[in-house]
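Thanks for sending this one over. Here are a few notes to read alongside the model, starting with the packing and then moving to the ligand.

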Amino acid sequence: MLKLDWTKRFSLNGRFFKSLSFRIMVFFFLIGTIPAMILSCVFLSAYTKQSLTRLANDVNNQCQILASQLGSANYLDDPSNETITGELTQLATLYDGRLLIVDRNFQIMVDTYALEEGRTMLAEEVIKCFKGESTSHYVSGRFIEMTVPIMSSSEEKNIIGVILASASTDSLNARRDSLRNLMEIWLVAGSLCVLVLAVLLSTWLVRPLRYMNKFIGDLVEGTLDGDLDIHDCTETENISDTFNSLLAKLRLMEESRQEFVSNVSHELKTPLASMKVLADSLLMQEGAPVELYQEFMQDIAEEIDRENTIISDLLTLVKTDRKVTGLNVAVTDVNGFLEQILKRLRPIAEQANVEMVFESNRSVSAEIDTTRLSLAFSNLVENAIKYNGENGWVRVSLDADHKFFYVKVSDSGIGIPQESLDYIFERFYRVDKSHSREIGGTGLGLAITKSAVVAHRGAIRVQSEVNQGTTFIVRIPLRYIT
Ligand code: ADP
């Protein structure tokens with residue numbers, strides 16, 4: 001049980017560390033704290049440097065004053081001057097340090113610690129100072145040390161001795177340490193504030209994503225029906241608009257799928273129902289004459305043919321809809337191809353007493369799938385014959401430009417009402433159901449045609465006027481676009 005809990009916790013943690021909110025949080029935390037840390041380090045080191053320089057300058061100034069006093073009082077020859085001796089001790093105490101006065105024989109004349117008086121001092125800095133190298137100071141651990149020359153009051157530029165001074169930096173270090181402690185406390189407090197802000201900010205920034213995730217989850221579970229509505233910022237607004245259009249498309253597809261299924265079942269049931277009625281009425285009539293049997297069987301055979309047509313049209317539509325099938329494209333002489341179609345349909349036109357004309361001003365060759373387009377153009381011409389009047393005409397014309405070829409199928413038929421023009425390419429749509437049924441229509445012809453044209457990256461348009469006629473214009477690219 002315990003093991004299970006831990007596993008769960010780790011997997012949760014793993015997900016949390018991978019999450020966008022964690023990354024945003026870390027990013028803002030680092031952005032907020034790293035510059036503060038760098039700044040405090042820079043500030044502390046500048047502060048230390050400046051205080052050391054200031055201390056060195058102070059000590060140096062005091063030593064300069066002292067050196068000139070020592071020179072003018074001729075202290076090195078007569079060290080009995082109590083005032084100067086007092087000043088030396090005072091200065092050493094002031095800077096918590098030590099003062100040594102070395103004479104020109106490198107003998108230590110005065111040591112405020114009274115430890116090394118009378119000894120010889122051959123330190124490098126002292127020798128350098130006697131040679132006239134300007135005053136120098138250097139830091140060694142906890143002290144600033146410096147040498148200041150004592151000039152003779154009678155002879156110019158004559159160095160008669162050297163003051164070797166050292167000043168403690170302990171108080172400076174203590175001040176710097178307390179400042180550092182204070183800054184550390186501020187840094188920790190500031191980092192905590194930044195952390196809280198980073199958590200709030202990351203939560204706020206990923207809020208639209210969380211909302212979106214919940215929305216999609218509810219949608220998948222089917223407990224939601226509305227649209228995604230996130231207007232926090234332009235990006236989320238764009239995502240929600242795109243998502244909503246995708247949603248609308250999916251809903252439309254689902255609607256049309258349901259409609260298609262109910263249409264298919266209805267269309268398939270109609271011939272079956274007729275057959276059932278015909279068969280039942282024959283069965284009910286005992287000893288019915290042979291002529292009646294023949295007549296009814298004829299009707300039943302017609303219904304079977306109809307059922308057959310619907311099923312084969314449906315199969316064609318399913319096949320054309322399956323994009324994976326792809327097109328079997330080949331360079332084709334479009335004039336010959338159209339003439340062939342019209343030749344095949346001429347007997348039907350003659351039977352319906354409809355004149356059929358083919359017009360073409362140029363020879364066109366294009367990359368097309370002849371099987372698919374033959375079906376498409378046959379449907380258009382067949383419709384033009386079917387929905388025509390007595391002594392009507394059908395005109396098929398072919399034209400092309402440098403990119404497309406155009407096939408126009410016009411007729412002098414019954415026309416299509418304006419309000420139906422938007423729907424005629426939909427499956428099973430028929431302007432006049434009973435008329436279409438009478439002449440053997442299934443309402444799938446134009447859907448098949450459109451699907452074949454679209455597969456060729458083409459377009460189809462229709463213009464029509466009731467009782468005047470209809471014109472379908474098909475545009476197909478000369479070169480197949482994959
Ligand atoms: P159908 O099998 O019923 O002909 P189609 O999909 O081929 O189905 O056509 C859909 C409907 O569009 C037809 O039922 C008919 O009402 C109308 N239609 C198609 N072509 C023409 C045309 N050339 N003239 C008039 N109406 C047409």
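**Notes on the core and the ligand site**

1. In this predicted model, the largest nonpolar core has 39 residues. Phe-377, Val-381, Val-394, Phe-405 and Phe-472 are the ones with the most contacts inside that core. Two or more residues each come from helices H8 (334-351), H9 (370-386) and H11 (445-455), and from strands E8 (365-368), E9 (393-400), E10 (404-411), E11 (459-465) and E12 (469-477).

2. Val-381 is a good place to look at the packing. Leaving aside residues up to four places away in sequence, Val-381 touches Leu-342, Leu-345, Met-356, Val-394, Val-396 and Val-409. A second core, separate from the largest one, has 27 residues, among them Val-59, Cys-63, Met-146 and Ile-160.

3. Now to the ligand: which residues come nearest? Of the 20 around the ligand, they are Asn-383, Tyr-387, Ser-436, Thr-442 and Leu-446. By class, this shell holds nine nonpolar, eight polar and three charged residues.

4. H9, H11 and E12 each supply at least two residues of the shell, and H9 gives the most, with three. These three elements also each give two or more residues to the largest core.

5. For polar contacts, begin with Tyr-387, where a polar side-chain atom lies 2.7 Å from an oxygen atom of the ligand. On Asp-411, a polar side-chain atom is 2.9 Å from a ligand nitrogen atom. An N or O atom in the side chain of Thr-470 lies 3.5 Å from a nitrogen atom of the ligand. On its own the ligand has 530 Å² of accessible area, and the protein covers 97% of that.

Technical notes: Residues numbered from 1 in each chain as written. Predicted model: local features only at pLDDT ≥ 70, side-chain atom pairs only at ≥ 80, totals over all residues. Heavy atoms only, no water. Core = buried A, V, L, I, M, F, W, Y, C linked by side-chain atoms within 4.5 Å. Buried < 20%, exposed > 50% of the residue type's maximum accessible area, 1.4 Å probe, protein only. Helix = DSSP H or I, 4+ residues; strand = E, 2+ residues; numbered from the N terminus. Contact = heavy atoms within 4.5 Å. Near = heavy atom within 4 Å. Polar contact = N/O pair within 3.5 Å; in protein donor to acceptor, adjacent residues only side chain to side chain. Areas by Shrake-Rupley, 256 points an atom, 1.4 Å probe, with all protein chains shown as cover. Nonpolar A, V, L, I, M, F, W, Y, C, P; charged D, E, K, R; others polar.
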